[in-house]
Amino acid sequence: MTDPKVLKQGTGWRLGWDPTAAEFVGLVGTEDWAIELTAAEFQDFCRLLQQLAETMAAMAIELMPDERIACEAESEWLWLAVEGYPHAYSLSLILHAGRRAEGTWPAAAVPGLLAATHAWAVF
């Protein structure tokens, strides 16, 4: 029998999924920290990060080359924010429900994290 757990990681980020876990099936984090998420929280994390990336890309034509921007997205479960340039921005997370937690990813880690959430095959 194969192990159903999945862990994807890159420089500055980690994503995990364990469908056998009782409540917290997802995981987001870096090499230094991690937060376990419910399925709904993990799904919203992936969805909201994609929305923010699309917003940042769309804003690129509206901004001067050296102009920074901040955008936020929120669901019942969590709040995400990106800050920086349309091509290089950091990501912050605040978990609303239950155990409450927060974390950040530097701009260098976001492209890999974004690609991993886009390619996530769990859903």
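# Pocket, sheets and helices in a predicted model

Q: Which residues line the largest pocket of this predicted model, and how many of the lining residues are nonpolar?
A: The lining of the largest pocket consists of K5, V6, L7, G16, W17, D18, F24, V25, G26, L27 and E36. By class, three of these are charged and two are polar. The nonpolar residues number six.

Q: What is the volume of the largest pocket, and which strands each supply at least two residues of its lining?
A: The volume of the largest pocket is about 150 Å³. At least two lining residues come from each of these strands: β1, β2 (13-17) and β3.

Q: In what order do the strands of the sheet that holds β1 stand, and which strands are at its edges?
A: This open sheet has four strands, paired antiparallel, in the order β1-β2-β3-β4. Two of the strands have a single partner each, so one side of each is left without a neighbour in the sheet. Those edge strands are β1 and β4.

Q: By how many degrees are neighbouring strands of the sheet β1-β2-β3-β4 turned against each other on average?
A: The sheet has the order β1-β2-β3-β4. With direction ignored, the average turn between its neighbouring strands is 10 degrees.

Q: Where does G10 lie, and which residue is its bridge partner in β2?
A: G10 belongs to strand β1 (residues 6-10). β1 runs antiparallel to β2, and five bridges join them. The bridge partner of G10 in β2 is W13.

Q: Why does G10 count as partly exposed?
A: Partly exposed covers the range between 20% and 50% relative accessible area. G10 is partly exposed because its relative accessible area is 27%.

Q: What distance separates the C-alpha atoms of G10 and L49?
A: Along the chain, G10 and L49 are 39 residues apart. Their C-alpha atoms are separated by 17 Å.

Q: Is T30 buried or exposed, and which residues does T30 touch beyond four places away in sequence?
A: T30 is found in the loop between β3 (26-29) and β4 (34-37). Its relative accessibility is 6%, so T30 counts as buried. Leaving out residues up to four places away in sequence, T30 touches G12, W13, R14, T104 and W105.

Q: What is the strand order of the sheet that holds β5, and which strands form its edges?
A: Four strands make up this open sheet, with antiparallel pairing, in the order β5-β6-β7-β8. Each edge strand pairs on one side only. The edge strands are β5 (69-74) and β8 (101-105).

Q: Which strands of the sheet does helix α1 touch?
A: Helix α1 (residues 39-59) packs on the sheet. Its direction makes about 30 degrees with that of β6. The strands it touches are β5, β6, β7 (88-95) and β8.

Q: At what angle does helix α2 run to β7, and at what angle to β2?
A: Helix α2 (residues 110-118) lies across β7 and β8. α2 also lies across β1 and β2. The angle to β7 is about 60 degrees, and the angle to β2 is about 20 degrees.

Q: Which side chains of β5 point to the buried face?
A: In a regular strand the side chains alternate between the two faces of the sheet. Along β5, A70, E72 and E74 point to one face and are not buried. The buried side chains, on the other face, are I69, C71 and A73.

Q: Which residue in β6 stands opposite A70, and which stands opposite C71?
A: β5 and strand β6 (residues 78-85) pair in the antiparallel sense over six bridges. A hairpin of three residues joins β5 to β6. Opposite A70 stands E83, and opposite C71 stands V82.

Q: Which residue in β7 is the bridge partner of A81?
A: β6 and β7 run antiparallel, joined by eight bridges. Their hairpin has two residues between the strands. The bridge partner of A81 in β7 is S92.

Q: Which residue in β8 stands opposite S92?
A: S92 is on the uncovered face of β7, along with A88, S90 and I94. β7 pairs with β8 in the antiparallel sense over five bridges. Opposite S92 stands T104.

Q: Where is R100, and what is its phi?
A: The loop between β7 and β8 holds R100. R100 is exposed, with a relative accessible area of 61%. Most residues other than glycine have a negative phi. R100 has a positive phi, near 50 degrees.

Technical notes: Residues are numbered from 1 along each chain as its sequence is written. This is a predicted model: local features need pLDDT of at least 70, side-chain atom pairs count only at pLDDT 80 or more; totals for chains, interfaces and linings use all residues. Side-chain values use heavy atoms; hydrogens and water are left out. Buried means under 20% relative accessible area, exposed over 50%, partly exposed in between (1.4 Å probe, protein chains only). Contact means heavy atoms within 4.5 Å. Two strands pair if DSSP finds at least two bridges between them. Axes are lines fitted to C-alpha atoms, for helices over the stretch in contact, and angles run from 0 to 180 degrees between N-to-C directions. On a 1 Å grid over the protein atoms alone, a cavity is a set of points where a 1.4 Å probe fits but cannot get out, and a pocket is an open set with protein on both sides within 12 Å along at least five of seven lines; lining residues have an atom within 4 Å of a point. Grid points are joined across faces, edges and corners, and a volume is the space filled by probe spheres set on the points. Ala, Val, Leu, Ile, Met, Phe, Trp, Tyr, Cys and Pro count as nonpolar, Asp, Glu, Lys and Arg as charged, and the others, Gly among them, as polar.
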